[in-house]
Amino acid sequence: MNERFIYKDDEVIDQPFNWSQFKRLFAYMKPYAKQIIPLIVLMMILGTITKLTVPYLISLAIDKAIAPKAPAVPSLNLLFLITGAVLVLYLIQWASNAYRIKFTNIIGQRVIYDLRADLFKHIQKLSFNFFDKRPAGSVMVRITNDINSLQDLFTNGAVNVLIDCVQLVGIIVILLLINWKLGLAVILTVPLMFVISTKLRVKIRRAWQDVRAKNSRINSHLNESIQGIRVTQAYTQEQENMRFFDRMNMSSKKSWDKASAMNQGFGPMIDITGGLGSLILFWYGAYLIQSGEITIGILVAFANYVGNFWDPINRLGQMYNQLLVAMASSERIFEFMDEEPSIADKPGAKTLPKIKGDIKLENVVFEYEKGRPALKGISLDVHAGQSIALVGHTGSGKSTIINLLSRFYDITSGRLTVDGYNIQDVKVESLRSQIGIVLQDTFIFSGTIRDNIRFGRLDATDEEVEQAAKAVDAHEFIMKLPGGYETEVEERGSALSMGQRQLLSFARALLADPRILILDEATASIDTETELKIQEALKVLLKGRTSFMVAHRLSTIRHADNIIVLDHGEIKETGNHNQLMQKQGIYHGLIEAQFKFL
Ligand SMILES: Nc1ncnc2c1ncn2[C@@H]1O[C@H](COP(=O)(O)OP(=O)(O)OP(=O)(O)O)[C@@H](O)[C@H]1O
């Protein structure tokens, strides 16, 4: 199978039980422990006591009311009394079970809610380099699948283990008290049952883990396929993609068949061992009745207790496996949670005051990967209000510079200051909130047009939103949409044109009113008419702000105060358009090349 969608962390994890992780996971129950857990325990005790009392009452009914030895007359009254009591016990048992399930669900859902919220909050804080390393599908699988696998543990598993343990101990004690010889004979089969149950289940668990890993791969592939559907169709790669998906799908199906077949085989094995226990019970029980040591009622009670015996053992084995699966999931979740954002506030970081917009880079070196510098000692002095254009061949380091300005990555060496403040010494939020960014990929979120513009400043009034749209000349096209500002745009704004999306992102940036503005190839790939519109909008947007523009289009660069020409991570030329044209260097060459294509 192609290795494309196997992310190492998604592979089957098979590790021994990890206590510290277990404690960390159960710490999530703590906030609710005081209120809800006592209620659950109460219901559990009530349920168990009532359940264990019934077989005893039935044995009484047989020995004392139906077939008493002396006086040898059946007593209907006693029989009614006992059956009445059994009925009441059943009712109590039913009610306590219902409430116990209700309470465990409450606690389970709250824990899952908290876990999911914590994980999402944390992932949002993580820096770009975290996402550089991981496919989006793999991150999503953790938030959905792994959290879901914990859901089972919290809503059923944990409490069931307790109940089963209490029940098992209770039954063993009762059996030994009633008749220790018969009790011991029956209990002897328990270890055998337990071994079969856990050993077999380990195999079954691995098989199910394999199913989950394969499903996770399908999810990652689906995610990529849907995101890249346009490219797939444009290159008519549907067939190939389908074949690839088919292989994954088939492999997942095969794993499922295997796991399911194992599950099927497991039931009869347990039944056979259970049957062995019953054989011992009836064979030895009959002998004890003949020798007068026990009554028929006692034998029936034993049979009932033993019937209640296999279930907890079976479930405990099952639970142990469920626990291991949940531990594997929680390990993956905690691994994400322990991932520190590489860009974080230093202890004692100050809030950056309202800035003017002076920016200084002093001998800035940056490496995405150790030993491969993307910037090799950049020095720049930009005054507030200046517009800077970054040009250069692909891969020369333009986007890298703007990534560093917003501190999406930390510089490897050198100094980067805003208004004299080293950006590593101030709070990230106070820096980013004063920088507006219009990226190549003008991301449009699902929601209305108005919501999308307001993303720039959430407390902006409707009027301010519209003013911003008018200033960048987006108002006109918005009003032509079926619902105007209230038009719902689908995810990523696929129904809008590139130029329209760009104007929206300009309005969004204008509304945020940042002192520093960053535009990454904002005017690439649009027609001349729209370009003119965008040029006008840009003038409005840039006015009075320090701006950095990565633009391939001559028209945008021409008016810049300073043009920085980059080559392989170094500054090769600086100056305005006229100065650089006179120089007849790299810039001149780039412009000439562009003209050739026009
Ligand atoms: N996330 C990343 N991880 C590793 N290397 C990267 C990453 N992003 C960029 N690079 C590398 O850093 C160098 C500079 O890339 P950068 O994106 O700054 O170039 P650019 O001038 O903006 O190019 P383009 O005009 O094609 O957008 C390139 O060699 C690129 O391969």
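**Figure 1. The shell of residues around the ligand in this predicted model**. Twelve names are worth finding in this view: Asp132, Tyr368, Glu369, Ala374, Gly392, Thr394, Gly395, Ser396, Gly397, Lys398, Ser399 and Thr400 surround the ligand. Two elements, β1 (359-369) and α11 (398-405), each give two or more residues to this shell. Which of the elements gives the most? That is α11, with three residues. Sorted by character, the shell holds seven polar residues, three charged ones and two nonpolar ones.

**Figure 2. The open sheet of six strands**. Follow the strands across in the order β6-β9-β10-β3-β11-β12, and you will find that their pairing is mixed. Where are the edges of the sheet? They are β6 (435-438) and β12, each of which pairs on one side only. From one strand to the next, the twist averages 20°. As you look along any of these strands, it helps to remember a general point: side chains in a regular strand alternate between the two faces of the sheet.

**Figure 3. Strand β11 and its two partners, β3 and β12**. On one side, β11 (residues 562-567) runs parallel to β3 (residues 387-392), and five bridges join the two. A good place to start is isoleucine 388, which stands opposite asparagine 562 in β11. The pairing of β11 with β12 (residues 570-575) also has five bridges, but here the strands run antiparallel. Look for aspartate 567, whose bridge partner in β12 is glutamate 570. β11 and β12 form a hairpin, with two residues between the strands. One residue to pick out in the turn is histidine 568, which has a positive phi of about 45°.

**Figure 4. The edge strand β6, its neighbour β9 and helix α16**. Strands β6 and β9 (residues 516-520) run parallel and are joined by four bridges. To find your bearings, begin at glycine 436 and look across to leucine 517, its bridge partner in β9. Helix α16 (residues 498-512) packs on the sheet here and touches both β6 and β9. The direction of α16 makes about 180° with that of β6.

**Figure 5. Helix α11, from the ligand to the sheet**. The helix that gives three residues to the shell around the ligand also lies across β3, β6, β9, β10 (546-550) and β11. Relative to β10, α11 runs at about 150°.

**Figure 6. Helix α3 from end to end**. How many residues does this helix have, and what span should they give? Helix α3 covers residues 76-125, and at 1.5 Å a residue its 50 residues should span 74 Å; the end C-alpha atoms are 73 Å apart, so the two values agree. Buried residues in α3 are Ile82, Ser96, Arg100, Phe103, Thr104, Ile107, Gly108, Val111 and Leu115. In general, an α-helix has 3.6 residues a turn, so residues three or four places apart point the same way.

**Figure 7. A closer look at alanine 95 in helix α3**. Is alanine 95 buried or partly exposed? Alanine 95 counts as partly exposed because it has 14 C-beta neighbours inside 10 Å, while a buried residue needs 20 or more. Glycine 47 is also worth locating in this view: it is 48 residues from alanine 95 along the chain, and their C-alpha atoms are separated by 8.4 Å.

Terms used. Residues are numbered from 1 along each chain as its sequence is written. This is a predicted model: local features need pLDDT of at least 70, side-chain atom pairs count only at pLDDT 80 or more; totals for chains, interfaces and linings use all residues. A residue is near a molecule or strand if its C-beta atom, placed from the backbone, lies within 6 Å of it. Ala, Val, Leu, Ile, Met, Phe, Trp, Tyr, Cys and Pro count as nonpolar, Asp, Glu, Lys and Arg as charged, and the others, Gly among them, as polar. Two strands pair if DSSP finds at least two bridges between them. Axes are lines fitted to C-alpha atoms, for helices over the stretch in contact, and angles run from 0 to 180 degrees between N-to-C directions. Two residues are in contact if their C-beta atoms, placed from the backbone, lie within 7 Å. The expected span of a helix is 1.5 Å times one less than its number of residues. A residue is buried if 20 or more other C-beta atoms lie within 10 Å of its own, exposed if 12 or fewer, and partly exposed in between; C-beta atoms are placed from the backbone.
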